[in-house]
Each structure stands twice: as C-alpha cells, then as structure tokens.
Amino acid sequence: MLTLYGQYMSRAQRCLWTLEELGVPYQHVKTNQTLGESRTPEFLKINPNGHVPALKDGDFILWESMAIAMYVAKKYGQGSLWPASVEDEGHVMQWALWASLEVETFVVNFLRHAMLYPPEKRRPELAEEALRVLPAPLKVLDDALAGREYLVGNRFSVADINVSTVLLLADVHKHLGVDTFGNVTGWLQRVADRPAWQKLPSLK
Ligand SMILES: N[C@@H](CCC(=O)N[C@@H](CS)C(=O)NCC(=O)O)C(=O)O
C-alpha cells in the first residue's frame with residue numbers, strides 16, 4: 001500500500017491527481033505544512049527537507065512532488081500516464097525539469113508575495129519579478145501546444161499533470177495573464193475538466 005503525505009492545497013496535488021487518474025489504492029496522510037506538520041521530528045525522518053509531499057511505498061521513500069508523480073505513473077501507468085517510447089519519456093522528464101526550474105519558483109513567489117502572505121511579510125519585488133519573467137516560458141509552452149492537445153505523444157500523460165499543476169494551484173493562472181496564451185488556456189481547461197482533477201478538492 002502506498003502512503004502519500006501532504007494535504008491537497010500544496011504540491012501534493014500533482015501526486016494525488018496521478019494516483020486518482022490511475023485508480024491506485026493509497027493511504028492519504030493529510031500532513032498540513034501550514035501548521036508546521038512537515039517540520040516535526042517524525043516527518044523529517046520521511047522528508048528531511050521538511051516539505052510536503054512525500055511518498056512511502058513499503059520501505060521505499062520518495063520526495064519531490066514531480067518525481068513522485070513520475071514514479072507512480074511509471075510504476076502503475078505504463079502506456080497511459082507513462083509513455084511507451086524512450087523519446088517520449090525524455091520529454092516527460094524535460095517538461096518536469098522545465099516546469100520546476102523555469103516556472104514554478106516564480107509562480108510560487110507570485111502566489112506568496114501577491115496573494116497568500118500577510119501584507120507585512122510580502123516582498124512586492126518578487127511578485128513583480130515573476131510577472132516580468134513568466135511570459136517568456138509561457139510563450140514556450142504556448143508554442144509547444146500549438147496544434148496538439150497534450151504535451152507528450154498526443155495523449156494525456158504525467159507531463160500534463162506536472163506542468164499544469166504549476167499553473168492550476170490556487171487558480172494562480174487567473175492572475176498571471178495566462179489568458180493571453182490561447183493554446184495554454186485551452187489545454188488548462190481540457191486537463192482541468194478531467195474527473196480525477198475535479199475530485200481533488202473533496203480529498204482536502
Ligand atoms: N520542490 C519541492 C517543494 C516542496 C515544498 O516546498 N512544499 C511546500 C508546500 S507546497 C512545503 O512543504 N512548505 C512547508 C515548509 O517548507 O515548511 C517539491 O516539489 O516537492
């Protein structure tokens with residue numbers, strides 16, 4: 001039995017989505033990072049970074065949300081969420097690293113410093129930097145989606161989960177000018193219509 005640690009309103013979202021898409025049985029421990037639950041001595045034994053999510057599969061432990069989503073997809077979703085060819089697998093990894101390194105840091109800075117943090121904790125320059133930097137990678141994503149429905153191999157895959165969750169978290173895409181990128185907007189709508197994504201808020 002798999003155990004996924006991390007409440008829905010966190011990067012655990014992409015792992016929960018992957019598990020729900022595949023119908024894999026799992027136990028959900030709703031570790032709440034906003035209450036400091038990811039920093040307890042017990043949790044630090046699971047993820048020494050003090051972050052959610054984390055996954056336990058028997059004695060095997062894995063952290064980093066995109067790595068967890070890819071692990072679950074590769075183990076349980078061969079030919080569906082995980083692609084069949086080595087080339088498509090390369091693209092799944094490309095998109096995960098790209099989303100994590102080129103996009104997510106800026107999106108999270110925007111979320112924190114324009115929306116989530118109390119005013120006294122906000123650093124407006126970080127929100128402004130995000131708005132300045134993000135159009136370039138969003139254009140890359142928009143161009144990649146021209147004439148295609150999904151990112152890899154023309155079928156829904158864990159690449160779509162990893163990349164779209166960066167923009168869907170807390171509906172942040174509505175505040176980043178994503179609507180000026182037509183292909184990205186259509187794709188976000190398409191993936192967010194999936195029943196497994198729709199189910200997630202009820203998991204909390
Ligand atoms: N790169 C990591 C980032 C994990 C992360 O920063 N998680 C946040 C929630 S989305 C967290 O646990 N924050 C609480 C803390 O750091 O104390 C991943 O994708 O798993």
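## Ligand contacts

A polar side-chain atom of Arg39 is placed 2.8 Å from an oxygen atom of the ligand. The model is a predicted one, and the distances and areas given here are computed from it. His51 also contributes a polar side-chain atom, 2.8 Å from an oxygen atom of the ligand. With Val52 the backbone is involved: one of its polar backbone atoms lies 2.9 Å from a nitrogen atom of the ligand. On its own the ligand has 510 Å² of accessible area, and the protein covers 80% of that.

Arg39, His51 and Val52 belong to a longer list of residues around the ligand. That list also includes Ser10, Arg11, Gln33 and Ser38. Gly50 and Pro53 are on it as well, as are Glu64 and Ser65.

## Helix H6 against H8

Two packed helices are described by the angle between their axes and the distance between the axes. Helix H6 spans residues 135–144 and helix H8 spans residues 182–192. Their axes come within 7 Å and cross at roughly 70 degrees. An angle of 65 to 115 degrees counts as roughly perpendicular, so H6 is roughly perpendicular to H8.

H6 makes this contact through Leu138, Leu141 and Asp142, while H8 supplies Gly182, Asn183, Val184 and Trp187. By class, the contact of H6 with H8 consists of four nonpolar residues, two polar and one charged.

## Helix H6 against H4

Helix H4 covers residues 86–116, and its axis comes within 11 Å of that of H6, with a crossing angle of roughly 155 degrees. Angles over 145 degrees count as roughly antiparallel, so H4 is roughly antiparallel to H6.

On the H4 side the residues are Trp95, Trp98, Glu102 and Val103. They meet Pro137, Val140, Leu141 and Ala144 in H6. The contact of H4 with H6 has seven nonpolar residues, one charged and no polar. Leu141 takes part in the contact with H4 and also in the contact with H8.

## Helix H6 against H5

Helix H5 runs over residues 124–133. The axes of H5 and H6 come within 5 Å and cross at roughly 35 degrees.

Ala130, Leu131, Arg132 and Val133 form the H5 side of the contact, and Pro135, Ala136 and Pro137 form the H6 side. Six of these residues are nonpolar and one is charged, with no polar residue in the contact of H5 with H6. Pro137 of H6 appears here and again in the contact with H4.

Key:
Residues are numbered from 1 along each chain as its sequence is written. Side-chain values use heavy atoms; hydrogens and water are left out. Axes are lines fitted to C-alpha atoms, for helices over the stretch in contact, and angles run from 0 to 180 degrees between N-to-C directions. Helices (H or I, at least four residues) and strands (E, at least two) are DSSP runs, numbered from the N terminus. Angles under 35 degrees count as roughly parallel, over 145 as roughly antiparallel, 65 to 115 as roughly perpendicular and the rest as oblique. Contact means heavy atoms within 4.5 Å. Ala, Val, Leu, Ile, Met, Phe, Trp, Tyr, Cys and Pro count as nonpolar, Asp, Glu, Lys and Arg as charged, and the others, Gly among them, as polar. A residue is near a molecule or strand if one of its heavy atoms lies within 4 Å of it. A polar contact is a pair of N or O atoms within 3.5 Å; within protein, one must be able to donate a hydrogen and the other to accept it, and residues adjacent in sequence count only if both atoms are side-chain atoms. Accessible areas come from the Shrake-Rupley method with a 1.4 Å probe; for residues, only the protein chains shown count as cover.
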